[in-house]
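Work through the exercises below with the sequence and the coordinates open beside you, and try each task before reading its solution.

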Amino acid sequence: MPAHLRDDQSSSLASDLLGRLATSKQISCGLCRRVFRHAILRLGMLLAVVLSWVGWLEAAERPHVILVMADDQGWGETSYNHHPLLKTPNLDHLAASGLRFDRFYAGAPVCSPTRASVLTGRSNNRTGVQSHGYALRRQEKTLSVALREAGYRTGHFGKWHLNGLRGPGVPVLSDDSHHPGVFGFEEWLSVTNFFDRDPILGRRGTFEEYRGDSSEIVVEEALKFITDCVRNQQPSLTVIWFGTPHSPFRADPSDLEPFAELYKDSKHHYGELVAMDRSIGRLQTRLGELNITENTVLWFCSDNGGLPKIQPETVGGLRGFKSSLYEGGLRVPCVVQWPARITAGRITAVPACTMDIFPTLVDALQLPPECMLSPQDGESLLPLFEKDLERRAKPIPFNCFNQSAWIDNDYKLLHVGKRNPQFELYNLRQDPAEKRNLLQSHPQVATRMQAELASWLEGLQASVAGQDYPERTVLPGEPEPQFWMEVDAYRPYFDEWRNRPEYESRLKSARSSR
């Protein structure tokens, strides 16, 4: 019996069967009809119970999904990647319990574009998110909508940055045209951009003030949502987007001790990561208490590469930092834990990216492919979850700041340079630090990859023009990036916020509405 059949449908089946039997020539006497009516009604009740159990089992078999993303954590900022000072015991434990990706890429070298790639499975410029602070087009199909329509409860907690607002994070407003609910999140406690200690967050637009470390706060709030879903036997998608370790750096004094010899910014930067790691430990502990660890997909990564000017350096010896298409700007820590499907302690060097998250979950949950908008730039990693692979089938594309990169397993082609872009080619297996440009010595590889990139860029331009949408154009009403200090709806809060450290410099000369 199909699991999607529910109590009202089973009652209808019973009534229909009863009607057929009652009019049958073989059951002519009144006594017989009454006996059969009673039997069929009992059968209908039993059928309803059976189907409710089938539905419960179906929900129980569907995994909970938790997507966790750091803000500006570089590839080298874990102890499992041999950072000289920072200890991340909980990320280390997560890596030992799941599948660790040593070549995982953010969808772009800055935050908003990568977030768009997570929710859509598409390269950022297809979605309208050209750089940080651009709004995600409402015509895009999102992961959160797909899972909500599949019966999942959906929640977003933390940094949003897909509504066209720039500046330090403020609570997302209930009438924001691009708040998380517009894109499929039923529950949301969200802030426009990076946020720090003692944050103000927006719960579906209602402002709430908190005390403490921002990472620990959003994990605790997310766990309340997850706990409620478990108690109500509902599968859940929970997106936790930290504000750590983005500037301004403000760590708890108790987290600074290991970094006492560092200067202020570096000290607080790493102190924030200590707290973030602790919050991941709290998340794992609570999942165990709820007895859902086994069938929960817990996917951790960062939104772009590490920051410059932090010591010890953040990118583990890679070239470049945040905002760069070199490895240091794109390669990020990543671990996926799903004990029901992933053997613990595995490490892969197969390249993967944030565009893969949506198609992987569609594959794992057996959702219809049409819940994703085409063309997709990611691919399902489900085969890699189940066994070791050597290669990726689909190249990984990047285009940001009018520069491009194209990763095809060992090789990476770049077209970079602000004034006079030039092609560069690297073998990342042999040269992860991108020191030896192979463009001249490997002309066949370079020519092939240049042609592939050119073809992809041509398709990208069609997406930018809106030709992927049913309307074949971008509908009006998508906002241009602006600072929230220019939004009238926030002006009533200016006087109250002037002394907050994250807003102080931005509001010195801003005019309030009072």
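**Exercise 1: a hairpin**

Task: In this predicted model, find which residue of E18 is the bridge partner of Tyr-411, and describe the hairpin around that pair.

Solution: The bridge partner of Tyr-411 in E18 is Asn-427. Stepping out from this pair to the strands themselves, E17 covers residues 411-416 and E18 covers residues 422-427, and the two pair in the antiparallel sense over six bridges. Five residues lie between the strands of this hairpin, where Gly-417 takes a positive phi near 120°.

**Exercise 2: the sheet**

Task: Establish in what order the 10 strands of the open sheet follow one another, and which strands lie at its edges.

Solution: Reading across the open sheet, the order is E8-E7-E6-E4-E9-E1-E10-E12-E2-E13, with mixed pairing. The edge strands are E8 (206-209) and E13 (346-348), each of which pairs on one side only. Neighbouring strands of this sheet are turned against each other by 15° on average, with direction ignored. As a local example, E6 (residues 187-191) and E7 (residues 200-203) run antiparallel and are joined by two bridges, and here Leu-189 stands opposite Arg-203 in E7.

**Exercise 3: two helices on the strands**

Task: Determine how H6 and H7 lie with respect to the strands, and then how their axes are related to each other.

Solution: Begin with H6 (residues 214-231), which lies across E1, E4, E6, E7 and E9 and runs at about 175° to E4. H7, in turn, lies across E1, E9, E10 and E12, running at about 175° to E10. For the helix pair, the axes of H6 and H7 come within 9 Å and cross at roughly 15°. Because angles under 35 degrees count as roughly parallel, H6 is roughly parallel to H7. The crossing of H6 past H7 is right-handed. Among the residues that meet in this contact are Val-219, Leu-223 and Ile-226 of H6 and Ala-275, Met-276 and Leu-283 of H7. Sorted by class, the contact of H6 with H7 has seven nonpolar, three polar and six charged residues.

**Exercise 4: a histidine in a loop**

Task: Decide whether His-246 is buried or exposed, and list its contacts outside its neighbours within four places in sequence.

Solution: First locate His-246, which sits in the loop between strand E9 (236-241) and helix H7 (264-289). Its relative accessibility is 10%, so His-246 counts as buried, the cut-off being under 20%. Once the neighbours within four places in sequence are left aside, His-246 is in contact with Asp-71, Asp-72, Lys-159, Phe-194, Asp-196, Glu-272 and Lys-322.

Conventions
Residues numbered from 1 in each chain as written. Predicted model: local features only at pLDDT ≥ 70, side-chain atom pairs only at ≥ 80, totals over all residues. Heavy atoms only, no water. Helix = DSSP H or I, 4+ residues; strand = E, 2+ residues; numbered from the N terminus. Buried < 20%, exposed > 50% of the residue type's maximum accessible area, 1.4 Å probe, protein only. Contact = heavy atoms within 4.5 Å. Pairing = 2+ DSSP bridges. Axes fitted to C-alpha atoms, helices over the stretch in contact; angles between N-to-C directions. Parallel < 35°, antiparallel > 145°, perpendicular 65-115°, else oblique. Left-handed = near helix turned anticlockwise from the far one by under 90°. Nonpolar A, V, L, I, M, F, W, Y, C, P; charged D, E, K, R; others polar.
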